[in-house]
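Here's a quick tour of a protein chain for someone just starting out with structures. Have the picture open while you read, and look up each residue as it comes along.

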Amino acid sequence: MDMLLKPYNTDLEIDGSGAKNVTRFSLRERGLVRMDGDLRQVEIVCLNGAIWVTQPGDECDYLLTAGKRFQIGHKGVVLVQGLPEGKFQINKN
């Protein structure tokens with residue numbers, strides 16, 4: 001699966017050293033990540049703090065706190081923002 005990740009601030013830390021198909025992110029206050037592509041096989045898991053998730057074709061936005069999960073269900077751009085900051089991982093199935 002091809003995926004484009006684009007951080008919108010310089011306060012993004014990416015840790016890809018963990019398990020295969022898992023990438024961890026740390027967003028500082030109001031940090032924003034844009035993911036683009038066919039992400040329907042991607043799950044977002046909030047590890048710490050809180051993150052806001054929005055995806056195309058979905059009237060709802062989602063606020064995830066530590067331990068909460070979100071399965072992406074649409075193709076296109078998905079935005080993840082720290083509120084005010086948060087750590088999360090993406091699991092690619």
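Let's start with the cysteines: Cys60 is partly exposed, at 42% relative accessibility, while Cys46 is buried, with a relative accessible area of just 1%. Keep in mind that this is a predicted model. A disulfide is a covalent bond between the sulfur atoms of two cysteines. The count here comes to 0 disulfides, because two sulfur atoms would have to lie within 2.5 Å of each other to make one.

**The overall build**

- If you go hunting for helices, you'll come up empty: the chain has 0 helices and 8 strands.
- Walk along the sequence and the pattern reads β-β-β-β-β-β-β-β.
- The chain has 93 residues, and 37% of them count as buried.
- Take the contacts between residues at least 6 apart in sequence: 68% of these join residues at least 24 apart.
- The accessible surface of the chain adds up to about 5,300 Å², and carbon and sulfur atoms account for 46% of that.

**Aromatic pairs**

- How many aromatic pairs does the structure hold? There are 2 of them.
- To describe a pair of aromatic rings, you give the distance of the centres and the angle of the planes.
- Phe25 and Phe88 make a stacked pair, with 4.8 Å from centre to centre and 10° between the planes.
- Phe25 sits in strand β3 (residues 22-27) and Phe88 in strand β8 (residues 78-92), so this pair ties together parts that are 63 residues apart in sequence.
- Are Phe25 and Phe88 buried or exposed? Both Phe25 and Phe88 are buried.
- Then there's Tyr62 with Phe70: the ring centres are 4.5 Å apart and the planes meet at 40°, so this pair counts as tilted.
- Tyr62 is partly exposed, at 26% relative accessibility, whereas Phe70 is buried, with a relative accessible area of 8%.

**Salt bridges**

- The structure holds 3 salt bridges, and here they are in turn.
- Arg34 and Asp36 meet through their side chains, at 3.7 Å from N to O.
- Arg34 is partly exposed, with a relative accessible area of 29%, and Asp36 is also partly exposed, at 27%.
- Arg40 pairs up with Asp38, and their closest N and O atoms are 2.8 Å apart.
- Arg40 has a relative accessible area of 38%, which makes it partly exposed, and Asp38 is partly exposed too, at 33%.
- Glu43 and Arg69 also join their side chains in a salt bridge, this time at 3.0 Å from N to O.
- Why does the Glu43 and Arg69 pair tie together parts that are 26 residues apart in sequence? The reason is where the partners lie: Glu43 is in strand β5 (residues 42-54), and Arg69 is in strand β7 (residues 69-71).
- Is Glu43 buried or exposed? Glu43 counts as buried, at 17% relative accessibility, because the cut-off for buried is under 20%.
- Its partner Arg69 is exposed, with a relative accessible area of 53%, since exposed means over 50%.

Key: Residues numbered from 1 in each chain as written. Predicted model: local features only at pLDDT ≥ 70, side-chain atom pairs only at ≥ 80, totals over all residues. Heavy atoms only, no water. Phe/Tyr/Trp six-rings, centres within 6.5 Å; stacked < 30°, edge-to-face > 60°. Helix = DSSP H or I, 4+ residues; strand = E, 2+ residues; numbered from the N terminus. Buried < 20%, exposed > 50% of the residue type's maximum accessible area, 1.4 Å probe, protein only. Contact = heavy atoms within 4.5 Å. Areas by Shrake-Rupley, 256 points an atom, 1.4 Å probe, with all protein chains shown as cover. Salt bridge = Lys/Arg side-chain N within 4 Å of Asp/Glu carboxyl O.
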